[in-house]
Amino acid sequence: MLKGKKILLGITGSIAAYKSIFLTRLLVKNGAEVKIIVTPSAKDFVTPLTLSTLSGNKVLVELFHEESWSNHVMLGRWADLMLIAPLSCNTMAKMANGLCDNLLMAVYLSATCPVLLAPAMDEDMWKHPSTKNNLEKLKAFGNHILPVNEGFLASGLNGEGRMAEPEQIIEYMEQRFFLTGPLKGKKALVTAGPTYEALDPVRFIGNHSTGKMGTAIARELKSRGAEVVLVAGPNVNTSDLTGIEIMQVTSAAQMYQACLENFEASDLTIMAAAVADYEAREVAGEKIKKKEEYLTLELKKTTDILKALGEKKSKGQILVGFALETENEKQHAKDKLVRKNADLIILNSLRDEGAGFGHDTNKITIFGKEGDEWDFDLRPKAQVAKDIVDTIISKFYA
Ligand code: CTP
């Protein structure tokens, strides 16, 4: 995915600069064209000779060198992406305030390409309010910031502040900036996991969904080039999703609201969440006390999100729902397809062993509006997500 991409790598004075040697090697190995600028203090950590040998290009340092001065604007325009790794606390502060006292700063300030930053510093510096403030400013300027890792630090302490590993940086770059695929330019909205409906301040009604199917679908859509928003219910593990916008919600009402905010802009919506069908008619303000032998709860229907979106759907928008059934499966699934005005319904039957909540596998059948039907064997959920996305692409985007 990085083949032929022009990467401008900025290296600043941080002990993590040793990783930039390996990063350069990986970038070149992945087919990228790499030009490197180092700050004067970065030369104390890595030598331009090593970097120029690995990148195949002269390493630039001086601002007032004849060549660099005239080139600083062109360099920012040459690049498809400017990556600063490691980003020291000092350079971060300069970037946040527009200081221009070296070549790297001059190029950064004139760069028209996206800028990706991989901070590296000691934990106390990382947690300092001024660092947090600078990071917020850099985000607001539109820079992309990689999370730092936790672990052994140069100070000998353990904590947050390690620069992202070269492999993580490459993965982020590919996922965020250089994806190509049949869904490039398409926006997708996915829901995943359960919803929790409060009964009182400490209790809720929920279900056993883990969100594994929905997150696998979101990841697969992203890898085919789509821009993905994932609306995730409580306890859904989203930690390994890269380049996906995540909206964390708890209740069906919040999930509905998050979907409404994103639906109009979405080309493709896949509702994999196990939304609660009922919520408490009234949520008790205080913890419900144990009194009588029997307790009656009064529940009311939640909004059927899929159905509501089906009513709002406009031409060209694709809406896909799930049906979780325990009997008369195919008929119920086909009924839902019509009733909710979906374009496809994905059936999983709880009667199939290894399918449904909590499993790492699933067995599905997909139904389309024109009576089409696709049957799949029991497979790992990542593979099921591929089957779903393949079916969608071949039916709607081929
Ligand atoms: N769904 C939804 N909002 C709800 C309930 C369900 O958006 N309040 C969506 C689910 O995300 C899924 C589809 O509707 O894509 C079908 O969910 P399912 O629980 O199988 O069906 P229900 O409509 O709840 O019907 P029933 O309970 O009668 O089976």
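Over the ring of which residue does the charged end of K35 sit?

1. The charged end of K35 lies over the ring of W78, 4.5 Å from its centre, and that of K132 over the ring of W126, 4.2 Å from its centre; a charge counts as over a ring if NZ of Lys or CZ of Arg is within 6 Å of the ring centre and within 35 degrees of the ring normal.

2. The model is predicted, with local features needing pLDDT of at least 70 and side-chain atom pairs counting only at pLDDT 80 or more, while totals for chains, interfaces and linings use all residues. Residues are numbered from 1 along each chain as its sequence is written, and side-chain values use heavy atoms, leaving out hydrogens and water.

3. An open sheet of 8 strands, with mixed pairing, follows the order β12-β11-β8-β13-β16-β17-β19-β20; strands (E, at least two residues) are DSSP runs numbered from the N terminus, and two of them pair if DSSP finds at least two bridges between them. Because β12 (245-248) and β20 (373-375) each have a single partner strand, one side of each is left without a neighbour in the sheet.

4. Within this sheet, β17 (residues 344-349) and β19 (residues 364-368) run antiparallel and are joined by 5 bridges, and the bridge partner of N348 in β19 is I364.

5. F177 and F178 form a tilted aromatic pair, 6.2 Å centre to centre with 55° between the planes, where rings of Phe, Tyr and Trp (its six-membered ring) pair if their centres lie within 6.5 Å, and planes under 30 degrees apart count as stacked, over 60 as edge-to-face and the rest as tilted. Both F177 and F178 are buried (under 20% relative accessible area, with a 1.4 Å probe and protein chains only), and ring pairs link them with Y172 into a cluster.

Notes
Helices (H or I, at least four residues) and strands (E, at least two) are DSSP runs, numbered from the N terminus. Buried means under 20% relative accessible area, exposed over 50%, partly exposed in between (1.4 Å probe, protein chains only).
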